[in-house]
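User: Hi, can you walk me through this structure? I'm new to this, so keep it short.
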Amino acid sequence: MNVEIQSFEGNAVFKVVAPNTNAVAEGEKSWSGELPHTGKYQIVVRTERGNASYTLSVSID
């Protein structure tokens with residue numbers, strides 16, 4: 001899976017949460033890796049400071 005977030009202020013980050021609730025990636029702006037479990041994953045977006053307008057791109061190969 002590939003995940004990338006872009007924001008005008010550069011302050012938006014995300015984490016990828018596995019079905020077992022463990023974080024696969026945390027505090028990232030870009031991540032690429034193999035998903036360790038089958039099931040439903042969550043992508044949680046937050047800001048490092050203030051508000052953010054962002055674009056989130058996700059692809060699964």
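Analyst: Sure. One thing up front: this is a predicted model. Let's begin with Thr21, which sits in the loop between strand 2 (12-17) and strand 3.

User: Is Thr21 buried or exposed?
Analyst: Thr21 counts as exposed, because its relative accessibility is 64% and the cut-off for exposed is over 50%.

User: What is the phi of Thr21 near?
Analyst: Phi of Thr21 is near 75 degrees. That is a positive value, in a residue other than glycine.

User: Okay, sheets now. What order do strands 3, 2 and 5 take?
Analyst: They form an open sheet in the order 3-2-5, with antiparallel pairing. The edge strands are strand 3 and strand 5, and each of them pairs on one side only.

User: How much are neighbouring strands of that sheet turned against each other?
Analyst: By 15 degrees on average, with direction ignored.

User: And how many bridges join strand 2 to strand 5?
Analyst: Six bridges, and the two strands run antiparallel. To find a spot on the model, look at Val17, which stands opposite Gln42 in strand 5.

User: What holds paired strands together in general?
Analyst: Strands of a sheet pair through backbone hydrogen bonds, either parallel or antiparallel.

User: Back to this model. What is the order in the sheet with strand 1?
Analyst: That open sheet has three strands in the order 4-1-6, and the pairing is antiparallel. Strand 4 and strand 6 are the edge strands, each pairing on one side only. Neighbouring strands in this sheet are turned by 10 degrees against each other on average, direction ignored.

User: How many bridges pair strand 1 with strand 6?
Analyst: Six bridges link strand 1 (residues 2-7) and strand 6 in the antiparallel sense. Glu4 stands opposite Ser57 in strand 6.

User: New topic: charges. How many salt bridges are there?
Analyst: The count comes to one salt bridge. The side chains of Glu48 and Lys29 meet in it, at 4.0 Å from N to O. The pair links distant parts of the chain, 19 residues apart. Glu48 is in the loop between strand 5 (42-47) and strand 6 (54-59). Lys29 is in the loop between strand 3 (23-28) and strand 4 (30-32).

User: Why would two such side chains pair?
Analyst: Side chains of opposite charge can pair when their charged atoms come close.

User: Are Glu48 and Lys29 buried or exposed?
Analyst: In between. Glu48 is partly exposed, with a relative accessible area of 44%. Lys29 is partly exposed too, with 38%.

User: What about Glu28? Where is it?
Analyst: Glu28 is found in strand 3. Glu28 counts as partly exposed at 28% relative accessibility.

User: Which residues does Glu28 touch?
Analyst: Ile5, Val13 and Phe14, not counting residues up to four places away in sequence.

User: How far is Glu28 from Asn2?
Analyst: They are 26 residues apart in sequence and 12 Å apart in space, C-alpha to C-alpha.

User: Last one. Which residues form the nonpolar patch on the surface?
Analyst: Ile43, Tyr54, Leu56, Val58 and Ile60. Together they have about 440 Å² of accessible area.

User: Which strand gives the most to the nonpolar patch?
Analyst: Strand 6, with three residues. Leu56 lies in strand 6. Leu56 counts as partly exposed because its relative accessibility is 32%, between the 20% and 50% cut-offs.

Conventions. Residues are numbered from 1 along each chain as its sequence is written. This is a predicted model: local features need pLDDT of at least 70, side-chain atom pairs count only at pLDDT 80 or more; totals for chains, interfaces and linings use all residues. Side-chain values use heavy atoms; hydrogens and water are left out. Helices (H or I, at least four residues) and strands (E, at least two) are DSSP runs, numbered from the N terminus. Buried means under 20% relative accessible area, exposed over 50%, partly exposed in between (1.4 Å probe, protein chains only). Patches are made of residues with over 30% relative accessible area and no salt bridge: like charges are joined within 9 Å, nonpolar side chains (Val, Leu, Ile, Met, Phe, Trp, Tyr) within 5 Å. Accessible areas come from the Shrake-Rupley method with a 1.4 Å probe; for residues, only the protein chains shown count as cover. Contact means heavy atoms within 4.5 Å. Two strands pair if DSSP finds at least two bridges between them. Axes are lines fitted to C-alpha atoms, for helices over the stretch in contact, and angles run from 0 to 180 degrees between N-to-C directions.
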